[in-house]
2 protein chains.
Amino acid sequence: MTDSQARTSESTRARRSDAQRSVAAILEAAQACLALDPDASTAEIARAAGVGRVTLYGHFGSRLELVDQTFARSMARAEETLDQVDLSGDARDGLARLIGSSWTLIARSRSILVAAQRTLPPERIRELHDRPMRRVQDLIERGQAVGAFRTDLPTTWMVATFYSVLHGAADEITAGRLDSDSAADLITSTILPCFARDPAPSR
Amino acid sequence: MTDSQARTSESTRARRSDAQRSVAAILEAAQACLALDPDASTAEIARAAGVGRVTLYGHFGSRLELVDQTFARSMARAEETLDQVDLSGDARDGLARLIGSSWTLIARSRSILVAAQRTLPPERIRELHDRPMRRVQDLIERGQAVGAFRTDLPTTWMVATFYSVLHGAADEITAGRLDSDSAADLITSTILPCFARDPAPSR
């Protein structure tokens with residue numbers, strides 16, 4: 001390698017590393033801005049990231065693309081947390097632990113989900129929820145197999161109910177009718193009897 | 001009254017009656033258009049109503065105002081139906097009947113609610129839900145008083161759960177994962193065990 005080639009290669013690496021830093025700063029800023037306001041503009045996000053709008057649009061072709069990557073990154077981080085949840089042993093205890101962790105994640109990233117829902121096609125949002133939903137479904141099916149959970153409802157419906165109640169709780173907190181600290185317990189006491197093998201007869 | 005005054009008054013009446021017909025046509029068209037597409041524009045609505053946009057804006061100052069009145073009208077009509085539901089007798093049977101009727105209404109007007117959620121402030125949507133939510137809450141409280149429903153969850157949370165599951169079912173239908181015909185039964189079999197006085201122990 002000649003001196004000149006080495007200098008070129010070094011400056012290419014420096015540019016790449018600058019670009020990576022910009023992308024990381026923009027994604028961090030997008031996460032922070034969208035968590036405060038699901039309608040945060042690219043101008044606000046660029047400002048928070050300390051870059052110009054031209055730089056932002058150089059890395060992300062549109063606001064949609066930026067929201068997509070921010071949401072995908074937030075879901076990937078959530079997966080890392082959910083992967084650590086102990087789902088072994090009694091399926092009901094596993095479900096309670098999964099509710100606890102899922103709730104913390106949903107409460108924290110609620111506004112980013114709203115941004116995603118306002119921006120991305122429903123299929124894309126669904127695609128990014130595939131893994132967490134699959135985890136809930138696997139646990140329900142395991143609980144059904146060992147007689148812990150009822151089998152008279154479609155499993156996909158039980159997964160949907162799990163998320164309906166969790167997201168409903170987030171709405172209640174946003175509306176100021178529910179205290180964030182008591183939410184996980186309330187959600188668990190709501191979902192467990194509903195999933196139990198022998199639901200109290202409706203007399 | 002002089003002839004001239006009589007003519008003026010007649011023409012005023014005719015104009016008023018024209019205006020009332022326009023308003024009614026616009027609201028009907030808005031209901032139909034928003035039921036198909038929650039983002040339907042005022043141009044589309046005016047076209048469907050057979051009036052010009054100037055006429056539409058003469059009656060409704062903005063798209064927001066039109067969505068507000070369309071949603072309020074839809075909720076008022078829903079109230080007429082819900083008022084007919086027999087909530088006497090066993091609270092569980094009453095709840096099952098209320099789920100059936102509420103479900104039919106929600107499934108039918110889902111897209112108008114989405115339009116309202118995208119347009120109106122949350123407090124306004126909440127205000128227009130006050131009566132139906134109060135009805136659910138009264139029924140739950142009556143069931144709690146006679147020992148049919150559990151008392152370990154806040155009543156407002158139980159009302160929220162009722163709506164979370166109903167709206168979750170509407171989302172599942174939109175996503176093509178749930179069949180509209182089986183929804184009311186599924187919702188009832190989901191909510192009743194969850195509200196029952198003696199939920200199956202979570203062991």
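The largest nonpolar core, a set of buried Ala, Val, Leu, Ile, Met, Phe, Trp, Tyr and Cys residues joined through side-chain atoms within 4.5 Å, has 73 residues. Buried here means under 20% relative accessible area with a 1.4 Å probe, protein chains only. The residues with the most contacts inside this core are A:Phe162, A:Ile187, B:Phe162 and B:Ile187. In soluble globular proteins, nonpolar side chains tend to be buried together.

Before going on, keep in mind that this is a predicted model, with local features needing pLDDT of at least 70 and side-chain atom pairs counted only at pLDDT 80 or more, while totals for chains, interfaces and linings use all residues. Residues are numbered from 1 along each chain as its sequence is written, chains are lettered from A in the order in which they are written, and side-chain values use heavy atoms, leaving out hydrogens and water.

Let's look around A:Phe162. Setting aside neighbours within four places in sequence, A:Phe162 is in contact (heavy atoms within 4.5 Å) with A:Leu95, A:Leu98, A:Ile99, A:Ser102, A:Val136, A:Ile191 and A:Phe195.

Now to the domains. An automatic or database assignment splits chain A into domain 1 (1-61) and domain 2 (72-203), whose C-alpha centres lie 35 Å apart. Nine residues of domain 1 of chain A touch eight residues of domain 2 of chain A. Across this interface there are three salt bridges, each a side-chain nitrogen of Lys or Arg within 4 Å of a carboxyl oxygen of Asp or Glu. A:Glu28 forms a salt bridge with A:Arg73, their closest N and O atoms being 2.6 Å apart.

Conventions:
Buried < 20%, exposed > 50% of the residue type's maximum accessible area, 1.4 Å probe, protein only.
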